[in-house]
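Trainee: Before we begin, may I ask how each term we apply to a model is justified?
Mentor: Certainly; let us set each value against its definition.

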Amino acid sequence: MTGSTRLNLLVLPAVLFLLAVYVWPTLGLFRNAFNEVGPTGAMVEAWSLKTGAEVFADGFTFELTLNSLWLSLTSTLIALVLSYPVSLFLFRTNSRFRGLLAVIAIMPMLISGVVRVFGWLAILGDRGLVNTLAQSLGLISTPMRLVFNWTGVTIGLAESIMPYMILALLAGFGQLDRTLEEASRSLGATPFRTFLRVTLPLSLPALALAAGLGFVLSMSAYITPKLLGGGRVFVLATEIFEQATTNTNWPVAAMLAIYTLGLLLLLLAISNIAARRLQR
Amino acid sequence: MNGAGRVLSGLAAIVYALILAPIVVVVALAFSADSFILFPPSGYSLRWFRQLAGHAPLLNALWLSVQIASVVTLLSLAVGVPAALALAKGRFAWRDALTNFFLAPLLLPTLIAGLALLLFFTPLRLTATLPGLVLGHMTVTVPFVIRMMTTAFQTLPDDIEAAAATLGAKPWRVVWRVTLPLVTPGLIACACLSFLLSFDETVISLFLSGPRAATLPVEMVRYVEGRTDPLIAALSVLLIVATLIVVVVVERLVGVARAVGK
């Protein structure tokens, strides 16, 4: 049918656009990782592994990797523990405000990250909400350092990934069979025991998928480590940006970016395999 | 079992307080009378809103962001909606492969995409220009439009279009007079979200912005890095209100969870 053939042609502008502005630049990124930086600091076109060898021989790369992994692990765990009750609540509630509550839970992902980071500065700063409160209650005499260090970045990151994890968990709960919980209750188990022995094990696949998502999002986050870290928190994301802009060392930035992308794919694969294993 | 239970509701309420805390605090701080970040503020005033009204760099950046987001939205719909229509209604062998191709950019972290675009645009002299920023933002919004509109087209009932075709309407006439009017709510919601995605896009803009062309989030990041006073809070109130308007519109038209989820 001619009409249908012409309908297919409608994908062409989008395909051409993505080939030019997404596929080609991404290939260029890979290409750049094999260029060299000359003694003057200028980039030299080459096909060599010199940049790669330099990057991976540097102990700092290893330190950055550990920092990134540790930061992602802690903020993902915090976000998971906090997101779980919200998702389960939204899944179970009969409240007529359910729709509104769901929107409020995922709304932060639509609010600018810079705005939310600024909010955390006002909560965690030296004269922020937490320190003012603790001082007026007489709990501490000098302010606690809660921002411009790892604590602030971990808290800010956990908050920023929560909406995504709440959505992922909600999608996973869709497969939860309510009759199993009811059977457990009617056989005399307490609500807590039912949760521990029935609900939690059944939601493990969803937890694994949400954890993978949170891990990937926090490892590639740049704004939160940059602004809440105050220049004292070094992770792969901040180093990639620094190398690309301040140092204009593109081969190193590209090599680090490809390395980070590889780590992300590996982590995603692990969480997917874990989710599938737990499904059985 | 009925509902969520008291323990679970209590836990959820605590987490909700945490989720809303940064937003509530920012709004309260915007009306602070202090010259630095002190929370709770020692007094309240509108001085930071007055300060904002006279702050040229932030206002210029705001205007640039509005311009970029408008152009990005129009172009993304022009490129993305036809593709979504073809994916949803067309019948061809490589449709699944094409769908994956269109969705892949959504999975690439903007940190990597921003770097790739910086390396690509610099020799072309497109960094820190309006076209460069528009194209950069479109790598995020075009796949988003395609994903959202493909779902919108797929959930349309086929029988109305079939009826129009049976009554002798040509395929293009069916699309123009039946399909597009039916998806108008989805289209408006999609336009609002594309605008917001472009307006809030920070990392790609940070890679592509120079001193000449800085979008609002870039200018805000620079300000926060240099100083800590409530000026950004006053600006944030405007952004939060704008976001809430978009959220309400999208929720009424198609549902926020459906629009941003998979």
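**Reasoning from values to terms**

Mentor: In this predicted model, the buried residues of H9(B) are covered by elements including H3, H6, helix H11 (216–226), helix H12 (231–253) and helix H13 (256–260) of chain B.

Trainee: What makes H9(B) largely enclosed by the rest of the structure?
Mentor: A residue is called buried if 20 or more other C-beta atoms lie within 10 Å of its own. Twelve of the 17 residues of H9(B) are buried, so the helix is largely enclosed. Among them are B:Leu187, B:Cys190, B:Phe195 and B:Asp200.

Trainee: How do you know that the span of helix H9 of chain B agrees with its number of residues?
Mentor: The expected span is 1.5 Å times one less than the number of residues. For residues 184–200 of chain B, 17 in number, this should give 24 Å; the end C-alpha atoms are 24 Å apart, and therefore the two agree.

Trainee: What does the corresponding test give for helix H2 (residues 12–32) of chain A?
Mentor: Its 21 residues should span 30 Å and its end C-alpha atoms are 29 Å apart, which agrees. H2(A) nevertheless bends by about 40 degrees at A:Leu19; that bend is the angle between axes fitted to the seven residues ending there and the seven starting there.

Trainee: Which elements do the buried residues of H2(A) pack against?
Mentor: They pack against helix H14 (250–279) of chain A, together with H3, helix H4 (95–107), helix H5 (110–121) and helix H6 (130–154) of chain B. A:Leu29 is one of those buried residues, and A:Leu29 is in contact with B:Leu115.

Trainee: What else is in contact with B:Leu115, leaving aside its neighbours within four places in sequence?
Mentor: The others are A:Ile240, A:Ala244, A:Ala253, A:Ala257 and B:Phe207. Both B:Leu115 and A:Ile240 are among the residues with the most contacts inside the largest nonpolar core, which has 168 residues. The largest share of this core, 16 residues, comes from helix H3 (residues 56–89) of chain B.

Trainee: How many residues of chain B are in contact with chain A?
Mentor: There are 75, set against 72 residues of chain A; contact requires C-beta atoms within 7 Å. Helix H1 (residues 6–30) of chain B gives the largest share of the chain B side, 14 residues. That side divides into 58 nonpolar, twelve polar and five charged residues.

Trainee: Where does UniProt place the feature "transmembrane region" in chain A?
Mentor: The unreviewed entry lists residues 69–91 and 147–173, among others. Over residues 69–91 of chain A the chain is 100% helix, while over residues 147–173 of chain A it is 89% helix.

Technical notes: Residues numbered from 1 in each chain as written. Chains lettered and ligands numbered in written order. Predicted model: local features only at pLDDT ≥ 70, side-chain atom pairs only at ≥ 80, totals over all residues. Contact = placed C-beta atoms within 7 Å. Helix = DSSP H or I, 4+ residues; strand = E, 2+ residues; numbered from the N terminus. Nonpolar A, V, L, I, M, F, W, Y, C, P; charged D, E, K, R; others polar. Core = buried A, V, L, I, M, F, W, Y, C linked by C-beta atoms within 7 Å. UniProt positions renumbered as here; feature names shortened; annotations may be inferred.
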